[in-house]
Amino acid sequence: MTIENDCDDGSLKAAEEHLKKAEGELERAEHDVEKAIEEIREAHHHHPEFEVTVLYDGVKKKFEVKPEELVKKLLEKAIQAFGPIPNPHTLALYPETGGEELKDDETLKQAGVKPHDLLLLRPSKVKGGDR
Amino acid sequence: MSRFRLPREVLTRTFEQFRKCGCGRRECQALWIGPWSDALAITEVIHPKHSGHMGGFTLDEGWLHQFWLELGRKDCGIRFQVHTHPEEAFHSAIDDAYPIIHKPGFLSLVIPDFALGPIGFEKAYLTEIQPDGRWKQVAIGERINIT
């Protein structure tokens, strides 16, 4: 019995070249993926997102924020989420522990906001009168 | 239209508080709250810490902060703000500008004559925040059902 070999030397060599090229491309792709993962890790290291809870009129809602995010941005997001609130000019965010309202132009980091903090969305003034 | 259920006892206690705190000389505020699990129920009257005088009142900010936390703990919301006027009941520019809640649908009730008249809504004024943020008078009977 004889076994026929259809592959001649030329086609085998071409296949080997093709394989080598594919292996090279795979290696580059794996390197690119690793690089991308590292970039994502780096981004998370410098700008990690965290969660805070905002309380308005007895209702709590959670928000994903970044330390570099402005207080104003979180305030706007909260007003949208609890709204529509058509005249929100007297509303501000306050730390759970009380004290001054968080300043709009500060970042959350500068304002001392930490992961899992509870912030109060409430009016700064409530008053009434007949004159 | 859905109406809030106001226990007569809560209404009576609100008038008692207005009379005791205001003494016929100072404006006073009350807040009607209820659980979020039953959004049309009013279960409690709250008497905020405030400074009051003949022509107005201002809530204490420290009290407001603690009350906000308490609402969160109790899972309750503010249904109405109620306050007195020395004479005629209406919503002043100050009332319009500084409510405790700013959402459309929030209701503000004004009781005339420092609440020294009969317990009820005679000559009272009810107004509601509209979607554009303006206040609009609404019929008391359309929003409140005394139980």
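Two strands are taken to pair if DSSP finds at least two bridges between them. In the predicted model described here, this criterion is met across the boundary between the chains: strand β5 of chain A, residues 127-129, and β5(B) pair in the antiparallel sense over three bridges. Within this pairing, G128(A) stands opposite F57(B). The account below begins with the two chains, continues with the contact between them, and ends with the strand pairings of chain B.

The secondary structure of chain A consists of two helices and five strands. From the N terminus on, these elements follow the order α-β-β-α-β-β-β. Chain A is divided into domain 1, which covers residues 9-46, and domain 2, which covers residues 50-123. Taken over C-alpha atoms, the centres of domain 1 of chain A and domain 2 of chain A are separated by 45 Å. Of the 131 residues in chain A, 22% are buried. Among contacts in chain A between residues at least 6 apart in sequence, those that join residues at least 24 apart amount to 57%.

Chain B contains four helices and 10 strands. Along the sequence, the elements of chain B are arranged as β-α-β-β-β-β-α-β-α-β-β-β-α-β. The radius of gyration of chain B is 14 Å, which agrees with the value near 15 Å that a compact globule of 147 residues would have. Along the principal axes, the C-alpha atoms of chain B fill a box of roughly 40 × 35 × 35 Å. Buried residues account for 35% of the 147 residues in chain B. For contacts in chain B with a separation of 6 or more, 61% are between residues 24 or more positions apart.

In soluble globular proteins, nonpolar side chains tend to be buried together. In the present model, the largest nonpolar core comprises 52 residues. The members that touch the most other members of this core are L93(A), L121(A) and W32(B). When residues up to four places away in sequence are not counted, L93(A) touches V71(A), L74(A), L75(A), E101(A), L102(A), L119(A), L120(A) and L121(A). Thus L121(A) appears both among the core residues that touch the most other members and among the residues touched by L93(A).

The contact between the two chains takes 25 residues from chain A and 34 residues from chain B. On the side of chain B that touches chain A, at least two residues each are supplied by β5 (56-59), α2 (61-74), β6 (76-84) and α3 (93-97). The largest share of this side comes from α2(B), with seven residues. By residue class, the side of chain B that touches chain A divides into 15 nonpolar, 13 polar and six charged residues.

Strand β5(B), which pairs with β5 of chain A, also has a partner within chain B. Strand β4 of chain B, residues 50-53, and β5(B) pair in the antiparallel sense over four bridges. In this pairing S51(B) stands opposite T58(B). The two strands β4(B) and β5(B) form a hairpin, with two residues between them. Strand β5(B) is therefore joined by bridges to β4(B) as well as to β5 of chain A, each pairing satisfying the requirement of at least two bridges.

A further group of pairings involves β7, β8 and β9 of chain B. Strand β7 (residues 107-111) runs antiparallel to strand β8 (residues 125-129), and four bridges join the two. Here S108(B) has T127(B) in β8(B) as its bridge partner. Strand β8(B) is also joined by three bridges to strand β9 (residues 135-137) of chain B, again in the antiparallel sense. The bridge partner of E128(B) in β9(B) is K136(B). Strands β8(B) and β9(B) form a hairpin with five residues between them. In the turn of this hairpin, G133(B) has a positive phi of about 95 degrees.

The loop between β7 and β8 of chain B contains G120(B). This residue counts as partly exposed because G120(B) has 14 C-beta neighbours inside 10 Å, whereas a buried residue would need 20 or more and an exposed residue 12 or fewer. The C-alpha atoms of G120(B) and P86(B) are separated by 16 Å, and the two residues are 34 residues apart along the chain.

Note on methods: Residues numbered from 1 in each chain as written. Chains lettered and ligands numbered in written order. Predicted model: local features only at pLDDT ≥ 70, side-chain atom pairs only at ≥ 80, totals over all residues. Rg over C-alpha atoms; globule rule 2.2 N^0.38 Å. Buried ≥ 20, exposed ≤ 12 C-beta atoms within 10 Å, placed from the backbone. Contact = placed C-beta atoms within 7 Å. Core = buried A, V, L, I, M, F, W, Y, C linked by C-beta atoms within 7 Å. Nonpolar A, V, L, I, M, F, W, Y, C, P; charged D, E, K, R; others polar. Domains from an automatic or database assignment.
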